[in-house]
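Let's walk through one part of this model together, question by question. Have the structure open and follow along.

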Amino acid sequence: PEHESVGHLDPASFVASVIVILLPLFYDCLVPVQDFYYMTCCTMTMSGNPAVVMRLVASAFAVAEKAGAIVRRVLHSGELGIVEKTGANDLQTLADRLAQQSICASLSKTFPKITVIGEEDLPDEDINEDLIESGQSEEVLQKPCPAEYISLKEEELVVWVDPLDGTKEYTEGLLDHVTILIGIAYGGKAIAGVINQPFFNYQLESANMGRTLWGMPGLGAFGFELQEVPDGRRIITTTRSHSNKLITDTVDAMEPHDVIRVGGAGNKIIQLVEGKASAYVFASLGTKKWDTCAPEAILHAVGGKLTDMHGNSLCYDANVKHMNSAGVLATLRNHQYYASKVPGSALQALKP
């Protein structure tokens, strides 16, 4: 009988060997293709256009920068046009009015079916075309849309606008406290936020003034470098101009190593994500949904948490009451520790 020679492969074995050798190479080529396909599908709708929510965030980014320029221009003019709304600590300026007109009119023109809720109660009037911003941020449009938001429609989205957070500080020259806040909500939850700091780097003559931070839970946050307070340090940021005994008692109960008192809810959240504070504590009435929607979205995008003093999530539906009646507690880490330290007197006084 004939014997097979050593090393000889029949055709079937030869094909199998080739497959074993080539399969890893084929897989290496396939994975990037799959990743590209996934990124493309997550960014685009079936029509091939970016998802509605990504276009809205891209517009909010551009509009926030336009509003920042308006806020700087009004300050440099020297004519702030200050009026008191409910008292000396609740002010409105020409910058508030123009910035809100710019933001609300611009977003409503591009997205006519969204609901936009602004802080300032302004009369209906024709908006100067110079205030309209129709551009969109390419940086935002290049990012993949989180899968759960791809199919959202305009009419399902609510936009909360604070055209100038930290107005009192703006009138007093504490310009690094000032922010412009545009928050986007769906189903009562903050799903995207844009914060413009119009006077960032204003004390550095050689630097470009202003910056824009933005973020989405499930995607991430951009425009800043995430940092944390050193381990074990409890640094609390709280109100500069609206303090009371309840706030002071709550802050003291958390046994902080240091307390920072600054203006603006947006500014305080920036302190959390840049490692200057570990908790934002406001055990009082005062903040509204337009103060917290954008900051909450950015904080959640980096793993932080924002609740009322009872630990309940805030709701951002269009028909919700504007006041955050149970206060605000925000942290980048260790939220449960701070929530557990809220005294009973604060919980009793602040009803959801």
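Q: Which residue of β13 does Y280 stand opposite?
A: This is a predicted model, where local features need pLDDT of at least 70, side-chain atom pairs count only at pLDDT 80 or more, and totals for chains, interfaces and linings use all residues. Residues are numbered from 1 along each chain as its sequence is written, and side-chain values use heavy atoms, leaving out hydrogens and water. Strands β11 (residues 279-282) and β13 (residues 328-331) run antiparallel, joined by 4 bridges. Across from Y280 in β13 you'll find A330.

Q: What is the strand order of the open sheet of 5 strands?
A: Strands here are DSSP runs (E, at least two residues), numbered from the N terminus, and two of them pair if DSSP finds at least two bridges between them. The pairing in this sheet is mixed. β10 (258-262) and β12 (305-307) each have a single partner strand, so one side of each is left without a neighbour in the sheet. The order reads β10-β9-β11-β13-β12.

Q: What angle does the direction of α7 make with that of β11?
A: Helix α7 (residues 265-273; helices are DSSP runs of H or I, at least four residues) packs on the sheet, touching β9 (235-239), β10, β11, β12 and β13. Contact means heavy atoms within 4.5 Å. Angles run from 0 to 180 degrees between N-to-C directions, with axes fitted to C-alpha atoms, for helices over the stretch in contact. For α7 and β11 that gives about 150°.

Q: How many residues of α7 are buried?
A: Buried means under 20% relative accessible area, with a 1.4 Å probe and protein chains only. The buried residues of α7 include N267, K268 and Q271. The helix is largely enclosed by the rest of the structure, because the buried count is 9 of the 9.

Q: Which element gives the most to the lining of the second largest pocket?
A: A pocket is an open set of points on a 1 Å grid over the protein atoms alone, where a 1.4 Å probe fits, with protein on both sides within 12 Å along at least five of seven lines; lining residues have an atom within 4 Å of a point. This one is lined by 16 residues, with D176, Q197, F200, N267 and K276 nearest its centre. The top contributor, with 3 residues, is α7.

Q: At what angle does α8 run to β12?
A: Helix α8 (residues 289-301) has 13 residues. 12 of the 13 are buried, so α8 is largely enclosed by the rest of the structure. It lies across β12 and β13, and its angle to β12 is about 145°.

Methods:
The expected span of a helix is 1.5 Å times one less than its number of residues. Buried means under 20% relative accessible area, exposed over 50%, partly exposed in between (1.4 Å probe, protein chains only).
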